[in-house]
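I opened this model to look up one helix residue first, and then the core, the ligand shell and the overall fold. My entries follow in that order.

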Amino acid sequence: MKHSSRGASRETNDNERPGGHGGSPRQRSGDALRNNFNIKGFISTSLVDWPGKVSSVIFLGGCGFRCPACHNHRLVLHPETVDDYPVADVMKQLKRRDKWIDGVTVTGGEPTMRKDLPDLLRLFRDRGLKVKLDTNGSNPGVVARLIDHGLVDAIFMDVKAPLDARRYAEVAGVAVDPRIIRRSIGILKSSGLEVVFRTTVVPGLVEEPELRSIRESLGRVPRFIVQPFRNVDTLNPAFSRKREFDLERFELMRSSYEVPSRTESASHRFRRAG
Ligand code: SF4
């Protein structure tokens with residue numbers, strides 16, 4: 001399904017005032033429900049996307065990166081070939097589940113590409129839902145405004161590679177100014193929100209030396225997760241022929257570099273003491 005012309009003109013208006021939208025919650029909600037937010041996927045209940053919480057998951061199309069190991073490449077390269085999921089239907093589904101879910105995970109693609117993201121998040125907020133955002137850190141200004149406007153409760157940011165331009169370009173598939181990534185990291189660290197940094201280890205691209213460098217650049221962080229590369233349906237088909245790390249090596253990387261959440265470390269201490 002293509003974007004409607006009404007959706008496109010609405011987007012232009014939002015471009016003019018990215019962070020704000022006046023009016024009552026009812027008025028805002030009516031306007032936003034007529035918008036087309038490019039929602040390309042919806043999972044009603046997930047236990048894994050927001051650790052410790054039950055969340056619904058919303059996938060938005062488009063991303064500025066071209067990570068060769070990406071599994072969401074249809075959303076990244078050809079979002080127009082995936083039908084839009086009407087936001088009104090999403091809101092109905094959320095209403096049906098509001099007793100069971102803690103909140104909504106907004107992921108992509110890269111959600112911060114959309115200038116009207118604040119309007120979408122405000123819809124969830126106006127229904128009393130918590131919001132977790134997944135981002136690749138490429139739009140620190142957008143993330144800062146979402147935080148300033150109180151539209152997010154948690155942000156999970158992928159740190160793809162060591163923070164130098166050559167390495168980042170290799171792993172993200174496009175030129176990336178590492179200063180932008182550093183800025184996002186700084187904003188998140190000082191946000192006071194639930195913040196998680198994540199790195200996917202990729203054979204030949206992101207291994208132990210790269211993990212060490214990323215961890216050093218991050219400094220003290222509340223949580224850092226190491227994720228495994230999967231050689232299935234990758235953006236660059238050559239990566240589907242790579243061998244995945246064996247479990248033992250992956251677990252070693254995880255235990256050496258992850259920063260667990262406070263509850264996880266407390267339970268580890270408890271188990272050790274017990
Ligand atoms: S893995 Fe890379 S290309 Fe794929 S959605 Fe994430 S940032 Fe974009």
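I began with A88, which lies in helix α4 (residues 87–97); helices are DSSP runs of H or I with at least four residues, strands are runs of E with at least two, and both are numbered from the N terminus. This is a predicted model, in which local features need pLDDT of at least 70 and side-chain atom pairs count only at pLDDT 80 or more, while totals for chains, interfaces and linings use all residues. Residues are numbered from 1 along each chain as its sequence is written.

Is A88 buried, exposed or partly exposed? I noted that A88 counts as partly exposed because it has 13 C-beta neighbours inside 10 Å, where 20 or more would make a residue buried and 12 or fewer exposed, with C-beta atoms placed from the backbone. A88 and N36 are 52 residues apart in sequence, yet their C-alpha atoms are 9.8 Å apart.

Next I looked up the largest nonpolar core, a set of buried Ala, Val, Leu, Ile, Met, Phe, Trp, Tyr and Cys residues joined through C-beta atoms within 7 Å. Of its 55 residues, L121, V131 and I155 touch the most other members. Helix α5 (residues 117–126) gives this core its largest share, five residues.

For the ligand, I listed the surrounding residues, among them C63, F65, R66, C67 and E110, each with its C-beta atom, placed from the backbone, within 6 Å of the ligand.

Finally, I recorded eleven helices and seven strands for the protein chain, and that 35% of its 274 residues count as buried.
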